[in-house]
Amino acid sequence: MDSKVDDGHTIAVLGEGNVLVGGADGKVSYSDDDLATFLDGEASFTKLDDIGDGRVHVAFDSYFDSNSAVYAAVSYVDTACGYGIPVNDDDNGIYRWVIGESSAFTDLGECTGTATPYEAQLGLDGCGEAQVGYYGIVLSTAEGNPETDATTGGVLYATFYDADRNVTGVARCLNPAEEVACGEATWDYLIEDVNVYHGAFTLEPSSLKICGCLTPDTNSKLWAIDDARYYNGTVIEEDPRYISTLGRLWTYEDCYAKAGPALNSPANDALVDADPCYCWNDAFTLKWDRQCDACSYNLQISLDEDFTEVLNDIDISGKDGDCNEIDYEPSSGTSPSYVVGNMALGTGSCGTKFYWRVRSADAETGEIIHSPWSEVRSFTVAAGPMAQVTLTNPGNGATGVAVSNIPFTWDAVADSTGYEFSLVNAATGTDVVSATAVSGTTYTYTGTLSYDTSYYWTVKALKDTTVFGDATGTFTTGAEGVVPPAPTTASWLWVIIALAAVVWLVILVLIFRTRRV
């Protein structure tokens with residue numbers, strides 16, 4: 001069978017009908033023929049797009065059955081001297097292809113800081129980019145990580161080596177299948193301890209494996225082999241023992257890949273205090289549990305639960321003007337918290353609903369490693385001193401109120417975007433007017449109430465959909481025969497209307513007589 005890759009380098013098989021082949025010269029091919037066709041030697045491959053001239057290491061996404069995504073990790077090796085020398089090359093990187101959809105590979109390292117790391121991500125000084133080579137690739141299982149799905153893809157791990165700076169380790173991406181803008185893919189480079197004394201994770205065809213018993217409540221365990229020779233130097237190359245001294249086994253336990261930090265307080269949908277004098281928040285504290293050995297975190301507060309309206313003044317995430325990580329290190333490592341200062345949420349924030357989330361950013365070992373974001377919680381700033389609703393008509397406790405055409409009025413509330421009016425029979429608890437949106441400060445009831453009956457009415461001041469002020473008043477209608485069912489036009493007003501009509505008639509008569517003359 002012709003795999004269409006010329007020199008085969010790696011192969012990945014999923015089930016009985018998906019085979020992916022990576023070549024030694026930048027080629028990748030795929031077949032979805034069944035096992036019987038392969039056994040008959042009749043299977044056919046489709047060549048995918050070329051990726052330069054590097055060695056290709058291939059893998060299926062954990063959710064391939066749903067998203068059809070595959071990956072190619074590429075390293076360029078110079079073989080001019082008869083043996084492979086790793087070289088940093090522009091083609092080095094990690095690429096994604098969607099079977100049946102893509103026409104070209106998507107370079108996951110197109111944006112620096114992703115599969116093409118900054119020097120700072122490799123523990124070095126500077127913000128230059130490093131075209132590291134990749135020598136092995138694995139993904140977490142779908143059932144083993146509740147934070148992943150067909151949109152994000154499984155967690156991707158790939159061994160890398162920076163030939164120019166002699167740095168090796170494992171790259172990790174939490175959302176490799178997701179179509180995101182630059183800076184929104186979560187890439188980390190796991191390097192701590194490896195570079196104290198090491199070879200390079202460049203053994204072929206793959207230097208990386210992941211533990212196969214992955215469940216949601218277990219950490220991901222990685223195994224990598226480097227290419228250093230650890231014998232004491234007394235064995236010559238001709239000795240059979242020389243080869244057995246090649247490589248040392250390294251292991252890494254990732255306790256950040258399957259969950260974010262657990263939030264403590266405020267509770268979800270909590271009401272936090274407003275400043276006693278102004279329409280903004282008073283100081284309060286956000287608290288969460290420490291995750292693993294985390295020592296710093298990212299924190300976001302937003303006006304919406306999708307975090308498209310993040311408050312810039314409290315956005316502790318991403319990179320600074322250079323390439324350095326923006327994170328927050330709590331004063332207590334074991335009980336992390338963050339104080340939201342007085343007015344930190346902005347003037348006019350009383351009565352406003354906000355959303356917050358946290359994720360781990362650094363371990364106490366110095367490793368830069370992110371967790372997924374925590375659950376999202378919300379809180380609302382209480383009504384400020386100017387958010388009190390004042391009812392003006394009928395007065396609270398009024399009696400002898402008409403049973404129809406009743407004008408209910410109240411004073412405007414600063415910062416409100418509208419109001420909600422309701423009217424209830426006090427004796428029966430029955431809604432006369434269910435919650436009704438009102439744009440202004442008046443509502444006229446045109447129905448007919450019962451005589452000599454008590455009612456209570458409520459006005460809520462809204463800021464969008466959040467209630468940040470309300471008031472309730474009571475009144476009693478008059479007895480039948482004492483209070484008319486509806487206001488009528490006063491008799492003196494009819495006299496004025498009649499006199500006005502007579503005056504206009506006289507004026508018209510004078511006009512016509514003048515014209516005849």
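This report walks through two pockets in a predicted model.

## The largest pocket

Let's begin with the biggest opening. The largest pocket holds about 1100 Å³ of space. Its lining is made up of 45 residues. If you would like to find its centre in the structure, look for Gly183, Glu184, Thr186, Arg359 and Trp373, the lining residues that lie nearest to that point.

Three strands each bring at least two residues to the lining of the largest pocket: β13 (187-190), β21 (310-316) and β23 (353-363). Of the elements here, β23 gives the most, with three residues. As for the chemistry of this lining, 17 residues are polar, 16 are nonpolar and 12 are charged.

## The second largest pocket

Next comes the second largest pocket, with a volume of about 480 Å³. There are 22 residues in its lining, and those nearest the centre are Ala12, Val58, Ala59, Ile137 and Val138. Four elements give two or more residues each to this lining, namely β1 (8-14), β5 (55-60), β10 (133-139) and β14 (208-210).

Which element gives the most to the lining of the second largest pocket? That is β1, with five residues. By class, the lining of the second largest pocket contains 13 nonpolar residues, seven polar ones and two charged ones.

## Where to look

For a quick tour, you could start at Trp373, one of the residues nearest the centre of the largest pocket, and then move to Ala12, which is among those nearest the centre of the second largest pocket.

Note on methods. Residues are numbered from 1 along each chain as its sequence is written. This is a predicted model: local features need pLDDT of at least 70, side-chain atom pairs count only at pLDDT 80 or more; totals for chains, interfaces and linings use all residues. Side-chain values use heavy atoms; hydrogens and water are left out. On a 1 Å grid over the protein atoms alone, a cavity is a set of points where a 1.4 Å probe fits but cannot get out, and a pocket is an open set with protein on both sides within 12 Å along at least five of seven lines; lining residues have an atom within 4 Å of a point. Grid points are joined across faces, edges and corners, and a volume is the space filled by probe spheres set on the points. Ala, Val, Leu, Ile, Met, Phe, Trp, Tyr, Cys and Pro count as nonpolar, Asp, Glu, Lys and Arg as charged, and the others, Gly among them, as polar.
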